[in-house]
Amino acid sequence: MAAHIVFLMYHELELAGRTLCQSEPGYVRYILPLETFRAQISWLKQSGWRGVNVSEALRYSGEPGVCITFDDGCETDLIAAAPVLRELGCNATFYLTSGFLGTPSYLSADQVRELDAQGFEIGCHSMTHPYLSDLTDPELKREIADAKLQIETILGHAITHFSCPGGRYDERALRTARQAGFASVANSQFYANSPSTNPYELGRVAMLRNLSLEDFADTCRGHGLWKKRLQHEARRGAQRVFGNRAYDRLRAVLLGEPRQ
Ligand SMILES: [Zn+2]
């Protein structure tokens, strides 16, 4: 197991008195209070584990560590996560949805440059956050290649890592990412990565708000991922049977979300 590394997937963080970007239960499920996040990163430090970004993780040093990633580009990346990570000596990759930048509660272009200047890694999470497997080829190019250019224009340098919105992708999406110059694509399937993992199919474990510190430690060690994978595959099965849209409506009903 020495060269295996688990990639953690975070989203927005919850701060006292601050309204979240979205309020549906299906979204909030993935939102950790800042104190929970701090406790997790503190556990890493106390345990002598490193928290690294995607480029560092893909070197597979074999040292005890996890890869820390954030999706969507919420402003809490800079105002909440980054200070904790810096204080505790960790790095991370922030995958941004380029079309959300500058809208309320998401990072502004200046804030993206600030994260970059602090030494964190910036990646891409599409332009408008669609399910990639639902898109036509021209739409894929826009969501992957054009989004990459938008973020690079803000930063003034290249970015090389992409993560799939909603974890959905297909062969065409991966080919488009490769052709656009991305060196890796992360999904949200529950497996640890190793030198034999295809860099265009990097697994990541979603951090859920109800995860205990004990479960967090187990996740970092790669323990019990098979159970999460089974649950995930049951959901994917439902998505395949019902289709993405119908699945989202079904999930909204089951989680008690308001009908849209
Ligand atoms: Zn996302």
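## Cysteines that stay single

The sulfur of C220 sits 10 Å from the closest cysteine sulfur, which belongs to C90, and that is too far for a bond. C220 is also buried, at 4% relative accessible area. Bear in mind that this is a predicted model.

So what's the disulfide tally? The count comes to zero. C74 isn't in one either: the nearest cysteine sulfur, from C21, is 3.6 Å away. Since a disulfide needs the two sulfur atoms within 2.5 Å, that C74 to C21 distance of 3.6 Å doesn't make the cut. C74 is buried too, with a relative accessible area of 0%.

## Two nonpolar cores

The largest nonpolar core takes in 61 residues. Y10, F37, I41, I68, F70, L85 and F94 are the ones with the most contacts inside it. There's also a second, separate core of ten residues, with I5, V54, Y60 and C67 among them.

Y10 is worth a look on its own. Setting aside residues up to four places away in sequence, Y10 touches L32, F37, Q40, I41, I68, T69, F70, D71, M207 and F216.

## Around T93

Where does T93 sit? You'll find T93 in strand β6, which covers residues 93-96. T93 is buried, with a relative accessible area of 0%.

Leaving out neighbours within four places in sequence, T93 is in contact with N53, V54, I68, T69, F70, E121 and G123. As for A147, it lies 54 residues from T93 in sequence and 16 Å from it in space, going C-alpha to C-alpha.

How values were computed
Residues are numbered from 1 along each chain as its sequence is written. This is a predicted model: local features need pLDDT of at least 70, side-chain atom pairs count only at pLDDT 80 or more; totals for chains, interfaces and linings use all residues. Side-chain values use heavy atoms; hydrogens and water are left out. A nonpolar core is a set of buried Ala, Val, Leu, Ile, Met, Phe, Trp, Tyr and Cys residues joined through side-chain atoms within 4.5 Å. Buried means under 20% relative accessible area, exposed over 50%, partly exposed in between (1.4 Å probe, protein chains only). Contact means heavy atoms within 4.5 Å. Helices (H or I, at least four residues) and strands (E, at least two) are DSSP runs, numbered from the N terminus.
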